[in-house]
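The following exercises concern burial, contacts and cysteine pairing. Each task is followed by a worked solution.

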Amino acid sequence: MKPARTFASDNNAGVHPEILKAISGVNHGHVVGYGDDPYTTSVLKKFKQHFGRDAEVWFVFNGTAANVLGVAAFCEPHHAVICAGSAHLYVDECGAPEKFAGCKLIPVPTVEGKLTVDAVRSACHGIGDQHHVQPRVISITQATEVGTVYKPAEIRALAAFAHWHEMFLHVDGARLANAAASLGLNLKQATGDLGIDVLSFGGTKNGALGAEAVIFFNPILGAEFRYLRKQGMQLASKMRFVAAQFDALLTNDLWLKNARHANRMAKLLERQVRDIPGVRVLYPTEANGVFACIPRRAIAELQKRCFFFVWDEESSAVRWMCSFDTTEDDVRQFARLIARTLATRRA
């Protein structure tokens, strides 16, 4: 029998019980739609407590919308977004940035998934030249697509470079909670205090249900975002059910408890598999994902028992993600399965 929980993605986890309770808690009576309800008003105030009084917050349904619309707020068709070659924005959005923002993406090679100022500088050319697209946004992912985490100084440096060149810094924060937990920072310290202009703040990967937010740290920058959100088909009519989920996440630091637990399970998994013959861990495990190379011939057999994704077929790299509901037993059983499968293959 396959396990009830796998290591494919934190998207595969269910909804946290406290969040389900919060949804049920607002499911009575009638309120005005489209965000003009008391629940949304209340949680927007709570966002300001966590992200800063200038934070302007707009709810959307998924991470693709949060990223694409967040970038589109700054870009005209002659603009470009500089991002990591591994960025979700570049690899996994099915061309949505180009289609809906109309801009060009410039992918840049990285070390351990992180952009550096020098790497960004190498992509900033043709400024002021009418023959070239004009760099407008730097986009980074925190935590990165390979489970590493930008240090505060690294983000500050990128923000300073962006602002010096009249650009903006966007952060894909689908796993921002995991990054903040890893760094020991609160949400404001991990975002607005570092010079970020716009954040895609993920709720779904942290126990929510189709709840994401776009946050501008200067309200002037997001002054017309309400129209982009509507054009982007992301305005929820029954907004209270999205607001209730974020209210639960931001109450009693549920966001932090969930992220800490997922990170801790990933660290445990890394320790369990690191010394298994045939397993080579690829990157530091700083958030809730473990990336490793394992023998190609063992992947399909393991996937039959506990599904996960192949990260790179050519190098036989795989990704194992932990969630708020991953247990120590899940981790230990999976590690034993890996050890048995690889030992059988060697025999």
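**Exercise 1.** Determine whether cysteine 124 is buried or exposed, and whether its sulfur lies within reach of another cysteine sulfur.

*Solution.* The model is a predicted one. Cysteine 124 has a relative accessible area of 15% and is therefore buried, since buried means under 20%. The closest cysteine sulfur belongs to cysteine 83 and is 12 Å away, which is too far for a bond. Cysteine 322 is likewise in no disulfide, the nearest cysteine sulfur, in cysteine 306, being 10 Å away. Cysteine 322 counts as buried because its relative accessibility is 0%. Across the whole structure, the search finds zero disulfides.

**Exercise 2.** Locate glutamate 145 and establish which polar partners its side chain has.

*Solution.* Glutamate 145 sits in the loop between strand 4 (134-141) and helix 7 (152-164). The residue is buried but has no salt bridge, as the nearest oppositely charged side chain, arginine 175, is 7.2 Å away, whereas a salt bridge requires a distance within 4 Å. Its side chain reaches the backbone nitrogen of histidine 88 at 2.7 Å and makes a polar contact with the side chain of threonine 141, also at 2.7 Å. Beyond its neighbours within four places in sequence, the contacts of glutamate 145 include Phe291 and Trp311.

**Exercise 3.** Describe the surroundings of alanine 292.

*Solution.* Alanine 292 belongs to strand 9 (residues 289-293). Its relative accessibility is 0%, so alanine 292 counts as buried. Valine 318 is 26 residues apart from alanine 292 along the chain, yet their C-alpha atoms are separated by 5.5 Å. Among the contacts of alanine 292 outside its neighbours within four places in sequence are Val279, Leu282, Val318 and Trp320.

Methods: Residues are numbered from 1 along each chain as its sequence is written. This is a predicted model: local features need pLDDT of at least 70, side-chain atom pairs count only at pLDDT 80 or more; totals for chains, interfaces and linings use all residues. Side-chain values use heavy atoms; hydrogens and water are left out. Helices (H or I, at least four residues) and strands (E, at least two) are DSSP runs, numbered from the N terminus. Buried means under 20% relative accessible area, exposed over 50%, partly exposed in between (1.4 Å probe, protein chains only). Contact means heavy atoms within 4.5 Å. A disulfide is a pair of cysteine sulfur atoms within 2.5 Å. Lys and Arg count as positive and Asp and Glu as negative; His and the chain ends are not counted. A polar contact is a pair of N or O atoms within 3.5 Å; within protein, one must be able to donate a hydrogen and the other to accept it, and residues adjacent in sequence count only if both atoms are side-chain atoms.
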